[in-house]
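Student: I should like to examine this structure by asking what justifies each term applied to it. Could we set each value against its definition?

Tutor: Certainly; let us begin with the model itself.

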Number of protein chains: 2
Amino acid sequence: MPHTYQYARAALTVDGVVFGLDAGELKILLIQRALEPFKGKWALPGGFVHVEETLDAAARRELAEETGLADVFLEQLYTFGAVKRDPRERVVSVAYYALVKLSDHAAKAATDAAKAEWFPVSRLPQLAFDHADIVALALTRLQGKVRYQPIGFELLPPKFTLSDLQHLYEVILGTELDKRNFRKKVLGFGLLVPLNETQMSGRHRPAQLFRFDADKYEKLKKRGFNFEL
Amino acid sequence: MPHTYQYARAALTVDGVVFGLDAGELKILLIQRALEPFKGKWALPGGFVHVEETLDAAARRELAEETGLADVFLEQLYTFGAVKRDPRERVVSVAYYALVKLSDHAAKAATDAAKAEWFPVSRLPQLAFDHADIVALALTRLQGKVRYQPIGFELLPPKFTLSDLQHLYEVILGTELDKRNFRKKVLGFGLLVPLNETQMSGRHRPAQLFRFDADKYEKLKKRGFNFEL
DNA sequence: TCAAAAGTGTTCTTGATACACCCATGC
DNA sequence: GCATGGGTGTATCAAGAACACTTTTGA
């Protein structure tokens, strides 16, 4: 049953920039397009927003359908509305970015989707539409946000070492950090709980494992606490 | 000539939260709705996005049409997509916020629009749709952004005193600031140019007028300079 | 001469930075 | 026993916070 409108309407889509940390590199999940336009090119997972679903729901649904990801950290990024960004017709896209723990999701992502692949942000293939712009903005946002909100933990497994955490920040921010200062600061927040476990990974001293205390963070946040770097 | 689509599409609108500084208060420009739904209620200026115009262009056009404002600082805020946010049909709105110098625009705004009025953010009337949410988010964004980007000057006249600037920050952030520390810091950036003018305003010592050196800021920014508080 | 806002420096405290060595383990 | 990353403390420096009095003007 086709719908009729007096004026032409833009189509509405969502697109997702999915970040993951893999082998010490920051990566993004891309889909190879099966259809024109840009057939065969790599693109962000995404698709049309249904009339009876919120934008967030559409973003989550598309992620699930195209990549098998569920229960990820997801946040709206920006809405892209250049007139010719899609060669077929006017399409406005609400972009999201997501942070996933590859430990959870690596397996699923591989099986479900037709052709989904992780690419290091530093070596992306050519992207369809204006998706390169979207990725660039997502990266800037991630770099900004990671400094004053503890979202980095969304990229790590539930149990991690301080070195894991430091490398995460170094990769995202593109800087080197001093080990002692980093540890002093991050432990100073009192949001990392040392576990009764260590992690062995090669012929050297095993590393203490920690988890992030999200509950405590929420409580502190309400009292005006500020996580920074 | 009506358009036909296979699936129902959401309508796309833009809405603008226009901030202005008036009589030492932070205010927002609202429009009284002439039509249902929410007839008679106050709402953000905004309207439908045309098929051949960018989102930014739509936001500027609506501001001009409904409030007479042009050439204002304008930045995308967030896109609101709750399913029932408009009782008639599905409407997704890309929200913007704008900063205007009342010195420039007060006159125009008064004449052009049917019923536009400035309301202090602390005493807003009941708003149509989910516009109260949009305003709340805009305020949060403004408070965040004003700390690390020199956008406050968009709310001041081209020539201003340091007290004007300090009061602006105090009003936006809702805090009191120490006069000496504030001046030390803000002058330390070297972005305020003292003019050969003073401003008399009552029976006390006249105040030095400054202008913000936007060119110099742009150059510094490219070299990694960081404006902060 | 008084009221009212403009303008100005110093001390103290806090947080950021710089920096080098010992520890536990696997091979 | 050696290579590898894990783990720790202190001294210095810079920036932020606290704080009070003099200046200029109009009435």
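Tutor: The model is predicted. The contact between the protein chains takes 31 residues from chain A and 31 residues from chain B.

Student: How large is the area buried between chain A and chain B, and which atoms give it?

Tutor: About 2,600 Å² is buried between chain A and chain B, and carbon and sulfur atoms give 55% of that area. Y5(A), R9(A) and V51(A) supply 23% of what chain A buries against chain B, more than any other three residues.

Student: Why is accessible area used here?

Tutor: Because the size of an interface is often given as the accessible area lost when the parts come together.

Student: What makes the pair E89(B) and R9(A) a salt bridge?

Tutor: The term requires a side-chain nitrogen of Lys or Arg within 4 Å of a carboxyl oxygen of Asp or Glu. The closest N and O atoms of R9(A) and E89(B) are 2.8 Å apart, so the pair satisfies the cut-off of 4 Å. The count between chain A and chain B is two salt bridges.

Student: How many residue pairs are in polar contact across the interface of chain A and chain B?

Tutor: The rule finds 14 such residue pairs across the interface, with both residues at pLDDT 80 or more. On the side of chain A that touches chain B, strand 1 (3-5), strand 2 (11-22), helix 1 (55-67), strand 6 (73-80) and strand 7 (91-100) each supply at least two residues. Strand 6 of chain A gives the most, with four residues. By class, this side of chain A has 17 nonpolar, eight polar and six charged residues.

Student: How do you know that strand 1 of chain A pairs with strand 1 of chain B?

Tutor: Pairing requires at least two bridges found by DSSP. Three bridges join strand 1 of chain A to strand 1 (residues 3-5) of chain B, and therefore the two strands pair. They run antiparallel, and Y5(A) stands opposite H3(B).

Student: Let us turn to the DNA. Which residues are closest to DNA strand C?

Tutor: R203(A), S163(B), K179(B), R183(B) and Q208(B) are the closest of the 22 residues that surround DNA strand C. Of the atoms of this DNA strand within 4 Å of the protein, 46% belong to sugar or phosphate and the rest to bases.

Student: What makes the approach of R183(B) to DNA strand C a polar contact?

Tutor: The cut-off for a pair of N or O atoms is 3.5 Å. A polar side-chain atom of R183(B) lies 2.5 Å from a phosphate oxygen of DNA strand C, so the pair qualifies. Polar backbone atoms of R203(A) and H204(A) are respectively 3.0 Å and 3.2 Å from a base oxygen of DNA strand C.

Student: Why is N181(B) said to be in polar contact with DNA strand D?

Tutor: An N or O atom in the side chain of N181(B) is 3.0 Å from a base nitrogen of DNA strand D, and this is a polar contact because the cut-off is 3.5 Å. Phosphate oxygens of DNA strand D are 2.9 Å from a side-chain N or O atom of S163(A) and 3.1 Å from one of K185(B).

Student: How do the residues of the surface near DNA strand D divide by class?

Tutor: They divide into four nonpolar, six polar and 12 charged.

Note on methods: Residues are numbered from 1 along each chain as its sequence is written. Chains are lettered from A and ligands numbered from 1 in the order in which they are written. This is a predicted model: local features need pLDDT of at least 70, side-chain atom pairs count only at pLDDT 80 or more; totals for chains, interfaces and linings use all residues. Side-chain values use heavy atoms; hydrogens and water are left out. Contact means heavy atoms within 4.5 Å. Buried area is the accessible area (1.4 Å probe) that two parts lose on being put together, summed over both. A polar contact is a pair of N or O atoms within 3.5 Å; within protein, one must be able to donate a hydrogen and the other to accept it, and residues adjacent in sequence count only if both atoms are side-chain atoms. Ala, Val, Leu, Ile, Met, Phe, Trp, Tyr, Cys and Pro count as nonpolar, Asp, Glu, Lys and Arg as charged, and the others, Gly among them, as polar. A residue is near a molecule or strand if one of its heavy atoms lies within 4 Å of it.
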